[in-house]
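Colleague: Could you take me on a close look at one part of this model, the first sheet and what packs around it? I'm new to this, so please go slowly and show me how that part sits with the rest.

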Amino acid sequence: MDSDAAFEIFVVTAPGLEPALCAELQALGFADPVPVKGGVTVRGGWPEVWRANLEVRGATRVLARIGAFRAFHLAQLDKRARRVPWGDVLRPDVPVRVEASCKGSRIYHAGAAAQRIERAIREELGAPAPTDADADTAVVLKARIDDDLCTLSLDTSGESLHKRGHKEAVHKAPMRETMAALFLRLCGFDGAEPVVDPMCGSGTFVIEAAEIAAGLLPGRSRHFAFERLASFDPAAWERLRVRETAAAPPPAVRFHGSDRDAGAIALSRGNAERAGVAGLVAFRQHAISDLTPPDGPPGLVIVNPPYGARIGEARQLLPLYQTLGKTLLARFGGWRVGLVTSDAALARSTGLPFGPPDAPVSHGGVRVTLYRTGPLP
Ligand SMILES: C[S@@+](CC[C@H](N)C(=O)[O-])C[C@H]1O[C@@H](n2cnc3c(N)ncnc32)[C@H](O)[C@@H]1O
């Protein structure tokens with residue numbers, strides 16, 4: 001693969017959030033973003049792959065499509081896999097793990113397909129097969145065989161991108177940073193208004209909002225799988241990081257979290273400290289009934305209250321949602337509300353004037369929905 005050539009880059013997100021991710025990619029100036037199931041495709045070369053990993057808040061991972069060929073049987077897969085110019089993208093000293101999937105194809109045994117491709121790479125390039133000890137350092141190549149077409153994509157991220165590299169501690173049912181960022185975007189948050197999360201758990205919404213306002217790049221503190229590829233150019237990567245880390249003016253507003261649980265508040269403070277936004281946030285321990293708006297202009301209340309995963313639990317949560325709704329309606333005139341929950345009846349029980357709900361989003365096996373209001377009366 002020519003280092004300047006453009007190829008397809010697949011930016012993965014949680015199903016349901018594709019349009020929001022597409023809007024983010026457009027705003028960041030990526031070329032030709034097209035939402036597809038499970039993500040958004042853009043065009044670009046390796047610098048765009050690096051930039052997507054560094055800057056896109058809503059991306060779970062970034063895959064580089066490095067090749068495709070037809071394969072009707074395993075011997076053909078083996079032969080064609082040997083012709084891929086692996087040395088352009090893979091290093092002979094870095095183990096490669098192949099993950100294959102087959103759909104509607106004559107090759108139906110994903111394990112056998114992965115084994116053929118792994119062997120082709122080992123024999124043609126010399127890259128070692130991964131052992132258990134390489135779980136964190138192996139590069140992952142995804143081979144999707146769909147309708148007899150084998151598409152090869154390299155995982156350029158490594159650990160999921162919701163791991164920004166600051167959070168050591170999570171509370172119960174934490175929101176993933178990637179989803180929190182896209183929910184903030186869907187609520188129209190652009191960094192210029194205050195944010196309140198009255199059930200903040202480990203502080204995800206508040207810390208993401210503060211980072212957005214401060215212009216801090218989501219990938220600034222972590223490493224990526226692309227650093228172990230043959231296409232990696234450390235000097236160009238350093239130049240990109242410096243160029244994109246433009247000093248933003250300090251935010252004029254603050255970001256507030258509260259939770260009735262003292263442990264949650266301690267975690268949130270620690271997470272904000274590690275993310276470098278402690279000076280922009282305030283966390284206080286109190287129940288939702290004691291919530292009051294901070295001084296200054298109105299902004300956005302965003303919250304994901306507990307939701308009962310099991311039958312019967314939702315009923316017990318009704319009073320909590322009712323208190324949330326009453327408190328916001330009584331004290332938060334002019335503020336907008338974004339509420340993330342899995343239960344439409346609980347959302348309705350708040351009495352908040354929500355518009356039509358967005359598409360549900362899959363979050364750790366639960367389908368959650370974002371409900372939004374305009375400015376409250
Ligand atoms: C689903 S978790 C929120 C997770 C959070 N978004 C995060 O990313 O970590 C719900 C939170 O609501 C808090 N909570 C439950 N009842 C509350 C109440 N009456 N007042 C304030 N917080 C409450 C819980 O302590 C828990 O941290």
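Modeller: Here is a walk through that sheet, followed by its surroundings.

Keep in mind that this is a predicted model. The sheet you asked about is an open one of seven strands, in the order 2-3-1-4-7-6-5, and its pairing is mixed. Which strands stand at the edges? They are strand 2 (31–36) and strand 5 (96–103). Each of these has a single partner strand, so one side of each is left without a neighbour in the sheet. Neighbouring strands here are turned against each other by 25° on average, if you ignore direction.

What holds strands side by side in a sheet? Strands pair through backbone hydrogen bonds, and they can do that either parallel or antiparallel. You can follow one such pair here: strand 6 (residues 139–146) and strand 7 (residues 149–155) run antiparallel and are joined by six bridges. If you want a spot to click on, find Arg144, which stands opposite Thr151 in strand 7.

Hold on to Arg144, as it turns up again in a pocket. The second largest pocket holds about 490 Å³ of space. It is lined by 20 residues, and the closest to its centre are Phe10, Leu63, Arg65, Ser101 and Arg144. Which elements give two or more residues to that lining? They are strand 1, strand 4, strand 5, strand 6 and strand 7. By class, the lining divides into eight nonpolar, five polar and seven charged residues.

Now for the helices on this sheet. Helix 2 (residues 46–55) lies across strand 1 (7–12), strand 3 (39–44), strand 4 (61–70) and strand 7, and runs at about 145° to strand 4. Helix 4 (residues 110–125) lies across strand 5, strand 6 and strand 7, with an angle of about 145° to strand 5.

Two further helices show what gets covered up. In helix 1 (residues 18–27), the buried residues are Glu18, Ala20, Leu21, Cys22, Glu24 and Leu25. What do they pack against? Strand 1, strand 2, strand 3, helix 2 and helix 5 (177–186). Just after helix 1 comes Gly29, with a positive phi of about 80°. In helix 3 (residues 74–83), you'll find Gln76, Leu77, Asp78 and Ala81 buried. Their cover includes strand 4, helix 4, strand 6 and strand 7. A handy rule for reading such lists is that an α-helix has 3.6 residues a turn, so residues three or four places apart point the same way.

Helix 5 is our bridge to the rest of the model. Besides being packed against by the buried residues of helix 1, helix 5 lies across strand 11, strand 12 (336–341), strand 13 and strand 14 (366–372), at about 30° to strand 14. Those strands belong to another open sheet of seven, with mixed pairing and the order 10-9-8-11-12-14-13. Strand 10 (281–285) and strand 13 (361–363) are at its edges, and since each has a single partner strand, one side of each is left without a neighbour in the sheet. The average turn between neighbouring strands is 20° in this sheet, direction ignored.

Inside that second sheet, strand 8 (residues 195–197) pairs with strand 11 (residues 300–303) in the parallel sense over two bridges. Val196 stands opposite Val301 in strand 11. Helix 8 also packs on this sheet, where it touches strand 9 (255–259) and strand 10, and its direction makes about 165° with that of strand 10.

Finally, let's look at the enclosed spaces. How many cavities of 30 Å³ or more are there? The count is two. The largest cavity holds about 100 Å³. Among the residues lining it are Arg164, Glu177, Thr204 and Asn271. Helix 6 (204–214) and helix 8 (262–275) each supply at least two residues of this lining, and helix 6 gives the most, with four. By class, that lining has two nonpolar, three polar and five charged residues.

The second largest cavity has a volume of about 30 Å³. Its lining is made of Asn53, Val56, Leu161, Arg164, Pro218, Gly219 and Arg222. That comes to three nonpolar, two polar and two charged residues. Look for Arg164 in both lists: it lines the largest cavity, and it lines the second largest cavity too.

Conventions: Residues are numbered from 1 along each chain as its sequence is written. This is a predicted model: local features need pLDDT of at least 70, side-chain atom pairs count only at pLDDT 80 or more; totals for chains, interfaces and linings use all residues. Side-chain values use heavy atoms; hydrogens and water are left out. On a 1 Å grid over the protein atoms alone, a cavity is a set of points where a 1.4 Å probe fits but cannot get out, and a pocket is an open set with protein on both sides within 12 Å along at least five of seven lines; lining residues have an atom within 4 Å of a point. Grid points are joined across faces, edges and corners, and a volume is the space filled by probe spheres set on the points. Ala, Val, Leu, Ile, Met, Phe, Trp, Tyr, Cys and Pro count as nonpolar, Asp, Glu, Lys and Arg as charged, and the others, Gly among them, as polar. Two strands pair if DSSP finds at least two bridges between them. Axes are lines fitted to C-alpha atoms, for helices over the stretch in contact, and angles run from 0 to 180 degrees between N-to-C directions. Contact means heavy atoms within 4.5 Å. Buried means under 20% relative accessible area, exposed over 50%, partly exposed in between (1.4 Å probe, protein chains only).
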